[in-house]
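I opened this model to look up a few local features and note them down. The entries follow in the order in which I checked them.

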Amino acid sequence: MKICLVGKYPPIQGGVSARTYSYAHALARKGHQVHVVTNAKEVRPPYRMLMRDEDWARCDADYGEGYVRVHWSEAKKAHWHIPMGDAFVTKLASIGAEVCEEFRIEVVFSYYWQPYAVAGHMIAEMAGLPHVIRNAGSDAGRLWLQEQFSPLFTHILKKADYLLAGGKVARKLEKLGIDPVRLRLDPEFVISEELFSPDGPELDVAAICAAAQADPEYRPLQWGTYRSEFRYIGVYGKLGEKKGTPALLEAMARLVKTNPKLGLLVLGHGHPKADMSFAEAATALGLQDHVVQLPFLPNWRVPEFIRRCDAVCALEQDFPIVFHSPVVAREVLSCGSMLIGSTEMLGKLPNPERLAHGYNCFGVNDVNDIDELSQAIETALLAARTRPEIGLRGREAVIESQKTMRYPERTEQTLALAISQDRPGGRRVQVTNPSLKDMVAKAGGISPALLQDVTRLDQCLDVARAEAAGSTDPGKATEALFRMADDAWIDFPQNLDDLVPVALSRYAVEQFEHDINQLLPCLSGAPIPANVTRNKTWAIFVPDLAGTGVRTIVIDATTAALLEAIDGQKSVRSVTQILRAGHGAELGAETRIKQSIEQFFRAGIIGLESSQNIYESLG
């Protein structure tokens, strides 16, 4: 495909710019020709990244038949007009129209509504091409609410061929009257596990400080003196109250009193006034010798920053844009680093139930509780020195959650579908998976016993989906995150025998007369097999905490008995003894039981409490 991608791009800082870059290069790697139209070179500090020559070279790229070419707008005095302002929409639309004609573009893809989807709409209209729009969180959560923006945004959205959106935004668009056929659920974004990995160089902080000080534009953005002998807590991205910045400074001021060689390494900025208040607040708290602030760097250099830090914070709390889905926490985890995250931030990750405080990250329920935040930082620093496997478990959680993500294939398919339509107002086909009930009606010849299992499977999934849709309750997220006993991480898993498994309240176990493994492919549209094995199986239905779906885990009789034996009072040692007595002492049974318990803990199905806490709760 020949694609015109209109959007943010480096050197613009931020998550949307990083994602647009990733979209462009991921599609090019799959053999497509991607032409990026952007005003990114016109961005000024503090929102401009500090780019080296080798960073600029990464903007364009060749991948065999596929490639990325960037077409930049320029700031010229001739563009000045009254009232004063830059004509970004005009420039982007004009550049895009020329790109479409010169390179025979087939589809326009806009990411971020203002000003890119506005310009993309004009480009598509001038060139007579299909238009696909991807929203960002602030589009739907803030800009769309502005009365002088909303009418135009609504018009453009209704005219687009397809809209890529997450579930919440998609529901809002559908209520607006947009045809559901044109809504494509595509919230998926994959962190590069090769780039964001534990292996690789650490950021040369001293060199970055020197480069910033040598450039008059970036000199005001570099603050503080770097000390190589310090241990550093890191934070990156935009700064502000909703990002937990004031609370983090207060916690650091408390910690440096007993840890004089502890520092805060900051890769980020807020609004210019916020930057001034950040420096003033740090100085007022006596942190002027413990804080180093750097200009924004390209997203491909962020892993270097993460590796330099002993632990990294992601403390977003009470963020006003509910559609916001930052990737900071996933990036830190993917690097195998110690993550200190707010429950709000961790709850926005894919499969958040895979995260557990003390097992693969460290959570903070209330960022503004300085006692809690200080304790979490101190604990993470201790873990960084003594239990680095905690960070590596975090990386495993990210890799596991990304296995089923079809990135960028889902976007690729939507762009191809837009190209294939007859225009204008051509035929659009909605691709949906039939329900099991519909498939049973078509299959015919199914035994009553199998029909009963299929019907019950469908019912179980309906109930679990309803539970998932309402599972964004903060209480459930907190229960899942803090499911490991305090300080149990210090000796885990050697102390597993003495911990008490406790069933969390979100899942259900059902027994079936047939092998459910043979029916699960039907959920993706495969036909019901002619002969399904008559074999008792059990299935666990786990609603996703993020409200995006349901996981179905098929288990055997021994594992079902294990879940039944977990009553919140018996230790792992006791549960193991009971199961061995009831199911035989076959070779390796004890190891297998403990592995199953840890597996269910990792999956967010059970918690692990200390026996002392259990006894206290019982009176």
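For the first entry I count as a polar contact a pair of N or O atoms within 3.5 Å, where, within protein, one must be able to donate a hydrogen and the other to accept it; residues adjacent in sequence count only if both atoms are side-chain atoms. The model is a predicted one.

**Asp497.** I looked up the side chain of Asp497 and found a polar contact of 3.0 Å with the side chain of Lys594. I then placed Asp497 in the chain: it sits in the loop between α19 (474-481) and β15 (499-503). Which residues does Asp497 contact, leaving aside its neighbours within four places in sequence? I noted Ser571, Val572, Arg573 and, again, Lys594.

**The loop between α19 and β15.** I stayed in this loop for Pro493, which also lies between α19 and β15. The peptide bond leading from Phe492 into Pro493 is cis, and I read omega near 5°.

**Around the start of α4.** I found another cis peptide bond between Gln114 and Pro115, with omega about 0°. Pro115 belongs to helix α4 (residues 113-127). I also checked Tyr112, which is placed in the loop between β5 (107-111) and α4. Tyr112 is not a glycine, yet its phi is positive, at about 95°.

**Cavities.** How many cavities of 30 Å³ or more does the structure hold? I counted four. I went on to the largest cavity, for which I have a volume of about 70 Å³. Its lining is made up of Thr343, Leu346, Gly347, Pro352, Ala477, Thr478, Ala480, Leu481 and Leu545. By class, I entered six of these lining residues as nonpolar, three as polar and none as charged. Which helix gives the most to the lining of the largest cavity? That is α19, with four residues. I noted that α13 (343-347) and α19 each supply at least two residues of this lining.

**Second largest pocket.** I turned from the closed spaces to the pockets and took the second largest, with a volume of about 510 Å³. I have 23 residues in its lining, and those nearest the centre are Ser22, Arg29, Val190, Ser192 and Leu195. Helix α1 (residues 15-29) makes the largest share of the lining, with eight residues. I split the lining of this pocket into 13 nonpolar, five polar and five charged residues.

**α9 against α14.** Two packed helices are described by the angle between their axes and the distance between the axes, so I looked up both values. For helix α9 (residues 245-255) and helix α14 (residues 370-386), the axes come within 9 Å and cross at roughly 65°. I entered the crossing of α9 past α14 as right-handed. On the α9 side, the contact is made by Ala247, Leu248, Glu250, Ala251, Arg254 and Leu255. On the α14 side, I listed Ile370, Asp371, Leu373, Ser374, Ile377 and Glu378. How do the residues of the contact of α9 with α14 divide into nonpolar, polar and charged? I entered seven as nonpolar, one as polar and four as charged.

Key: Residues are numbered from 1 along each chain as its sequence is written. This is a predicted model: local features need pLDDT of at least 70, side-chain atom pairs count only at pLDDT 80 or more; totals for chains, interfaces and linings use all residues. Side-chain values use heavy atoms; hydrogens and water are left out. Contact means heavy atoms within 4.5 Å. On a 1 Å grid over the protein atoms alone, a cavity is a set of points where a 1.4 Å probe fits but cannot get out, and a pocket is an open set with protein on both sides within 12 Å along at least five of seven lines; lining residues have an atom within 4 Å of a point. Grid points are joined across faces, edges and corners, and a volume is the space filled by probe spheres set on the points. Ala, Val, Leu, Ile, Met, Phe, Trp, Tyr, Cys and Pro count as nonpolar, Asp, Glu, Lys and Arg as charged, and the others, Gly among them, as polar. Axes are lines fitted to C-alpha atoms, for helices over the stretch in contact, and angles run from 0 to 180 degrees between N-to-C directions. A crossing is left-handed if the near helix is turned anticlockwise from the far one by less than a right angle, and right-handed if clockwise.
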